[in-house]
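Here is a short tour of one protein model, written for someone who likes to know which parts to trust before setting up a calculation. Take a look at the structure first.

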Amino acid sequence: MKIGSQSILMVLWLSTIILTVSIVNVSQAAAIEKGTLEVAYLFDESEGNVAKDISGNDRHGEIIGTKRVKGVFGNALEYDGSDDNVIVTGFKGIGGTDPRTTVFWFKSDVVREHSWVKWGINSPEQKYYIRSHIRGDACNLRVEVNGGQNFGMDNVCDGEWHHCAVVFPEGSDAVKDHDLYVDGKLQDKEGTDKAMNTNIDTQDVNMGARLANHVFMLGTLDEVAIFNVDLDLKQINAIRNTGLQTALGIDPQGKLAISWAMIKNY
Ligand SMILES: [Ca+2]
Ligand SMILES: [Ca+2]
């Protein structure tokens with residue numbers, strides 16, 4: 001069968017359009033630099049007490065208790081509020097005043113001082129606790145350092161899923177330099193400012209345990225990740241809208257931890 005030159009031109013034209021659309025999508029949705037992801041859990045396993053780390057750094061988490069339930073993407077972990085926890089064994093977080101971003105999905109209808117992601121030691125400046133701040137019958141996203149804190153205004157304990165992002169920008173040195181986002185919305189910065197000097201000598205990163213203060217998380221947690229850079233809102237929204245796996249360009253088996261999609265596009 002002879003293919004007319006017009007048909008060939010049409011195919012070439014369509015291919016160009018498709019290729020262009022693909023490139024634009026990738027450059028807008030996945031501009032996260034290779035090597036900036038420290039640890040990431042999807043909690044999509046169906047059983048067992050290991051949270052698989054998809055960062056490529058082999059920081060698999062030890063799950064203590066919890067129930068597997070439906071999450072925002074795949075499965076999630078439901079915490080009982082009394083002793084359930086995930087320990088990132090051997091990983092002590094991001095130290096000093098280094099930039100960092102922590103993201104996670106959370107759902108609960110219980111107002112309490114939920115412990116979300118914590119590291120550092122309980123000394124002024126050296127603590128790094130992301131937990132909930134109680135405001136009447138609501139609770140807000142909060143980060144604190146012992147002697148200083150920064151919290152937002154949107155309720156995350158209303159029984160719906162909320163995406164939380166805690167960003168400590170490059171060049172910052174105090175707790176109120178953090179930008180907090182709930183469902184992609186920048187939060188007000190309430191609280192008392194305090195210098196930061198996060199300790200990473202002894203405490204493994206915990207997701208759920210009270211550690212020195214507050215209470216265990218009571219609710220459902222999905223898609224937690226910690227980066228060693230300050231992600232911007234576009235990057236946070238890519239994670240929120242498409243999920244960690246897609247936003248980071250990680251293959252379904254999780255084997256190819258760093259793919260071409262993670263390379264920063266200019
Ligand atoms: Ca999940
Ligand atoms: Ca338990």
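The notes below go from confidence to the core and then to two helices.

This is a predicted model. The mean pLDDT of the protein is 89, and 84% of its residues reach 70 or more. Two stretches stay under 50, and the table sets them side by side.

| Stretch with pLDDT under 50 | Contacts beyond four places in sequence |
|---|---|
| residues 23-27 | 3 contacts |
| residues 255-266 | 26 contacts |

A word of care applies here: where pLDDT is low, predicted coordinates should not be read in detail.

Now to the interior. The largest nonpolar core has 61 residues, and those with the most contacts inside it are F104, C164, L221 and A225. Strand 16, spanning residues 218-227, gives the most to this core, with 6 residues. Which residues does A225 touch, leaving aside its neighbours within four places in sequence? A225 is in contact with L37, V39, A40, V103 and L244.

Next come the helices. Helix 2 covers residues 233-242, and its buried residues are Q235, I236, A238, I239 and R240. Just after helix 2, G243 takes a positive phi of about 90°.

Helix 3, made of residues 244-248, contains A247. Why does A247 count as buried? The cut-off is 20 or more other C-beta atoms within 10 Å, and A247 counts as buried because it has 24 C-beta neighbours inside 10 Å. A247 and I32 are 215 residues apart along the chain, yet their C-alpha atoms are separated by 8.3 Å.

Conventions:
Residues numbered from 1 in each chain as written. Chains lettered and ligands numbered in written order. Predicted model: local features only at pLDDT ≥ 70, side-chain atom pairs only at ≥ 80, totals over all residues. pLDDT = per-residue confidence, 0-100. Contact = placed C-beta atoms within 7 Å. Core = buried A, V, L, I, M, F, W, Y, C linked by C-beta atoms within 7 Å. Buried ≥ 20, exposed ≤ 12 C-beta atoms within 10 Å, placed from the backbone. Helix = DSSP H or I, 4+ residues; strand = E, 2+ residues; numbered from the N terminus.
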